[in-house]
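Let's take a walk through this model together, from ring to ring and from charge to charge. Have the viewer open and follow along at your own pace.

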Amino acid sequence: MAQTPFYRLPYGARRDLLAQQSHLTVQQLAKIAARQRSADADLIENYLTTYGLPEGVAVNLRVNGQTIAVPMVTEEPSVIAAASNGGRLLTSERGITTKVERREVMGQIVLSHVADRTGVKAWLIAHQDELLKVANEVHPSLIGHGGGARSLRIRCIPPYWMSLDLFIDVGEAMGANLVNTICEAVANYLKEHLTVNVLMSILSNYATHSLVTAEVAVPVDQLATKTIDGTTVAQRICDASDFAEHDPYRAVTHNKGIMNGIDAVVLAMGNDWRAVESGAHAYASRHGSYQSLSRWWLEDTTLHGELTLPLALGYVGGATRVFPLVVINQQIAQITSARELMGVTAAVGLAQNLAALRALVTDGIQHGHMQLQLKSLALSVGATPGEVPAVVG
């Protein structure tokens with residue numbers, strides 16, 4: 001008799017099989033059982049238990065003239081502290097300003113081994129209105145909400161590929177499944193009207209039509225430390241920013257600091273942090289070498305900062321519907337649309353970046369970082385939560 005596939009086994013059988021194979025103790029099984037949530041069992045394959053991450057709130061952030069608190073999910077002790085500190089440093093009447101010129105998700109229909117790329121391209125251009133009509137007929141409700149397929153682009157990619165890129169306004173949704181469905185419908189239309197080999201139909205996470213920019217101007221006096229004047233700190237921040245534009249080894253760590261904040265907000269808001277990460281790093285390489293996502297420069301007595309990156313975030317749909325904390329987190333951050341979410345997320349990234357750069361060019365990153373690590377270090381060596389204050393004090 002064929003053995004039952006693992007994914008078909010009932011929960012208890014899967015757990016017991018893993019326990020036997022991995023020699024789990026009774027105490028370890030108890031920990032797994034304590035974190036089990038029946039509601040999570042339908043979200044993923046081969047569910048075992050729920051692995052939780054802490055959620056905190058970044059404060060002191062002023063975005064587009066509004067003071068907000070932003071929920072963040074992270075295991076790193078210094079991330080929320082840095083975002084809050086960066087927000088405090090960037091406090092002004094407007095604070096951080098953000099802008100989103102458009103929010104469109106791109107889908108690709110990839111054609112392979114195209115013998116006559118010139119002819120196929122000419123046909124696609126001549127029939128682009130029909131293709132957009134086919135795309136929009138897939139989800140008529142999207143048109144009713146002001147969205148829909150906006151445009152298409154044709155790219156010939158050596159040696160023998162073509163990519164038909166559809167740009168779709170997905171409204172307030174994340175839009176991944178929506179875009180994939182639309183692309184497959186257009187691909188089927190192409191198969192009916194052209195002799196082409198459709199290799200795949202899928203969205204792209206390189207969301208260059210969903211760029212968000214966060215900007216700030218801060219008086220240099222706000223950057224001073226106990227031992228270094230604000231002008232010197234600002235100039236050092238600019239030097240660090242310039243270095244990250246020229247050295248990819250530094251740029252990777254520079255951008256990782258930005259993504260510390262962005263990923264934590266994306267997680268708290270039930271969005272796909274993996275898609276955001278991949279798109280951001282691709283954008284950092286758009287000029288042919290890996291560079292920093294942010295830029296800082298000094299004008300007279302004001303430090304200016306700017307961060308631009310792709311952030312195709314959704315306000316509804318996807319995981320936002322299955323994690324009850326997402327709606328609460330949206331309310332805490334006073335977010336009511338996808339564009340607002342994009343702006344707030346980018347603002348946190350910019351605040352995070354400033355806090356990290358200021359620490360690096362003054363006291364060094366370890367001074368504050370290790371202070372915040374002490375609590376987790378104490379827990380890791382066996383201190384109970386009640387003993388932590390005495391241990392780190």
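In this predicted model, the count of aromatic pairs comes to two. One of them brings together Tyr-11 and Tyr-47, whose ring centres are 6.3 Å apart and whose planes make an angle of 35 degrees, a tilted arrangement. If you trace the chain between these two tyrosines, you will find that the pair links distant parts of it, 36 residues apart. Tyr-11 belongs to helix H1 (residues 11-22), while Tyr-47 sits in the loop between helix H2 (26-34) and strand E1 (55-63). Are these two tyrosines buried or exposed? Both Tyr-11 and Tyr-47 are buried.

Now turn to the rings of Tyr-160 and Trp-161. Why is this pair called tilted? The planes of Tyr-160 and Trp-161 stand at 55 degrees, and planes under 30 degrees apart would count as stacked, those over 60 as edge-to-face, so the pair falls into the tilted class. Their centres lie 4.8 Å apart. As for the surroundings, Tyr-160 has a relative accessibility of 29% and counts as partly exposed; Trp-161, at 29%, is partly exposed too.

Rings also meet charged side chains here. Arg-286 is placed over the face of Tyr-283, 3.8 Å from the centre of the ring. Further on, look for Arg-295 over the face of Trp-297, where the distance to the ring centre is 4.0 Å.

Next come the salt bridges. How many salt bridges does the model hold? The count is six. A good place to start is Arg-15 and Asp-16, whose closest N and O atoms are 3.3 Å apart. Arg-15 is partly exposed at 26% relative accessibility, and Asp-16 is partly exposed as well, at 43%.

Another bridge joins Arg-150 to Asp-169, with 3.2 Å between the closest N and O atoms. Because Arg-150 lies in strand E5 (residues 148-157) and Asp-169 in strand E6 (residues 161-169), this pair ties together parts that are 19 residues apart in sequence. The two partners fall into separate exposure classes: Arg-150 is partly exposed, with a relative accessible area of 40%, whereas Asp-169, at 18%, is buried. The label for Asp-169 follows from the cut-off, because buried means under 20%.

Arg-274 and Asp-272 also meet through their side chains, in a salt bridge of 3.1 Å from N to O. Here Arg-274 is exposed, with a relative accessible area of 52%, and Asp-272 is partly exposed at 30%. Finally, pick out Arg-153, Arg-155 and Asp-165, which are linked in a network of salt bridges.

Our last stop is a nonpolar one. Val-57, Val-59, Leu-325, Ile-328 and Ile-332 form a patch on the surface, and together they have about 380 Å² of accessible area. Which elements give two or more residues to the nonpolar patch? They are E1 and helix H11 (324-332). H11 provides the largest share, three residues. One residue to select there is Ile-328, which is found in helix H11 and counts as partly exposed, at 45% relative accessibility.

Note on methods: Residues are numbered from 1 along each chain as its sequence is written. This is a predicted model: local features need pLDDT of at least 70, side-chain atom pairs count only at pLDDT 80 or more; totals for chains, interfaces and linings use all residues. Side-chain values use heavy atoms; hydrogens and water are left out. Rings of Phe, Tyr and Trp (its six-membered ring) pair if their centres lie within 6.5 Å; planes under 30 degrees apart count as stacked, over 60 as edge-to-face and the rest as tilted. Helices (H or I, at least four residues) and strands (E, at least two) are DSSP runs, numbered from the N terminus. Buried means under 20% relative accessible area, exposed over 50%, partly exposed in between (1.4 Å probe, protein chains only). A charge sits over a ring if NZ of Lys or CZ of Arg is within 6 Å of the ring centre and within 35 degrees of the ring normal. A salt bridge is a side-chain nitrogen of Lys or Arg within 4 Å of a carboxyl oxygen of Asp or Glu. Patches are made of residues with over 30% relative accessible area and no salt bridge: like charges are joined within 9 Å, nonpolar side chains (Val, Leu, Ile, Met, Phe, Trp, Tyr) within 5 Å. Accessible areas come from the Shrake-Rupley method with a 1.4 Å probe; for residues, only the protein chains shown count as cover.
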